[in-house]
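Reader: I would like a close look at a single part of this model, with its surroundings described step by step. Please take one strand of the sheet and explain how the rest of the chain is arranged around it.

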Amino acid sequence: MNSIKKVLLVHGDQPASRTLTLLLAGAGYYVRSCAQPDAAIEAAHGEWFDLSLVADPLPEMSSFGLIEALKKLQPSLAVLLLVNQLELPSVIKGIRVAVTDVLAPGNDWA
């Protein structure tokens, strides 16, 4: 039985995505990184994930639209929304789409 946890990372900023991927992989997670929302939806069609990290904002689609699409495909998927700054409207909107948590990591991804 495979006990490695699978993480779907959706982030449009390549340096930040690479940093997060290396940190998560170094901690023992399998990471599937997508720069585009449509690639993330396609990945969620093909494999089951334990966690998704979704950056806000994303190119081509709203982060909340992507989260809703992922939740339709995988209802039990835990989703962390990564924002630049914690703001009440984002937190409320996150609650409405069943986000597990909203985080503003700043420059310290660890």
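Author: The model is predicted, and a convenient place to begin is strand β4, which spans residues 78–82 and is joined to β5 by three bridges, the two strands running parallel. Within this pairing, leucine 81 stands opposite valine 102 of β5. Turning from β5 to β3, one finds that β3 and β4 also run parallel and are joined by five bridges, with leucine 51 standing opposite alanine 78 of β4.

The connection between these two strands can be described as well, since β3, helix α3 (residues 63–73) and β4 together make a right-handed β-α-β unit. Strand β3 itself, at residues 51–55, has four of its five residues buried, and it is therefore largely enclosed by the rest of the structure. Strand β1 pairs with β3 in the parallel sense over four bridges, and here valine 10 stands opposite valine 54 of β3.

Placed in the whole sheet, β4 belongs to an open arrangement of five strands in the order β2-β1-β3-β4-β5, with parallel pairing. The edges are taken by β2 (30–34) and β5 (101–103), each of which has a single partner strand, so one side of each is left without a neighbour in the sheet. From one strand to the next, the twist averages 20°. Helix α1, made of residues 14–26, lies across β1, β2, β3 and β4, and runs at about 170° to β2.

The side chains complete the picture. In general, nonpolar side chains of soluble globular proteins tend to be buried together. In this model the largest nonpolar core has 22 residues, and Leu8, Val10, Val54, Leu66, Ile67, Leu70 and Leu81 are those with the most contacts inside it. Strand β4 is among the elements that each supply at least two residues of this core, the others being β1, α2 (37–46), β3 and α3. There is also a second, separate core of eight residues, which includes Leu9, Val31, Leu53 and Leu82.

Leucine 70 deserves a separate word: leaving aside neighbours within four places in sequence, this residue is in contact with Leu8, Ala40, Ile41, Ala44, Ser52, Val54 and Leu77. Returning to β4, then, the strand is joined by bridges to β5 and to β3, it closes the right-handed unit that β3 and α3 share with it, and α1 lies across it.

Conventions
Residues numbered from 1 in each chain as written. Predicted model: local features only at pLDDT ≥ 70, side-chain atom pairs only at ≥ 80, totals over all residues. Heavy atoms only, no water. Pairing = 2+ DSSP bridges. Axes fitted to C-alpha atoms, helices over the stretch in contact; angles between N-to-C directions. Contact = heavy atoms within 4.5 Å. Buried < 20%, exposed > 50% of the residue type's maximum accessible area, 1.4 Å probe, protein only. Right-handed = clockwise from strand over helix to strand, strands pointing away. Core = buried A, V, L, I, M, F, W, Y, C linked by side-chain atoms within 4.5 Å.
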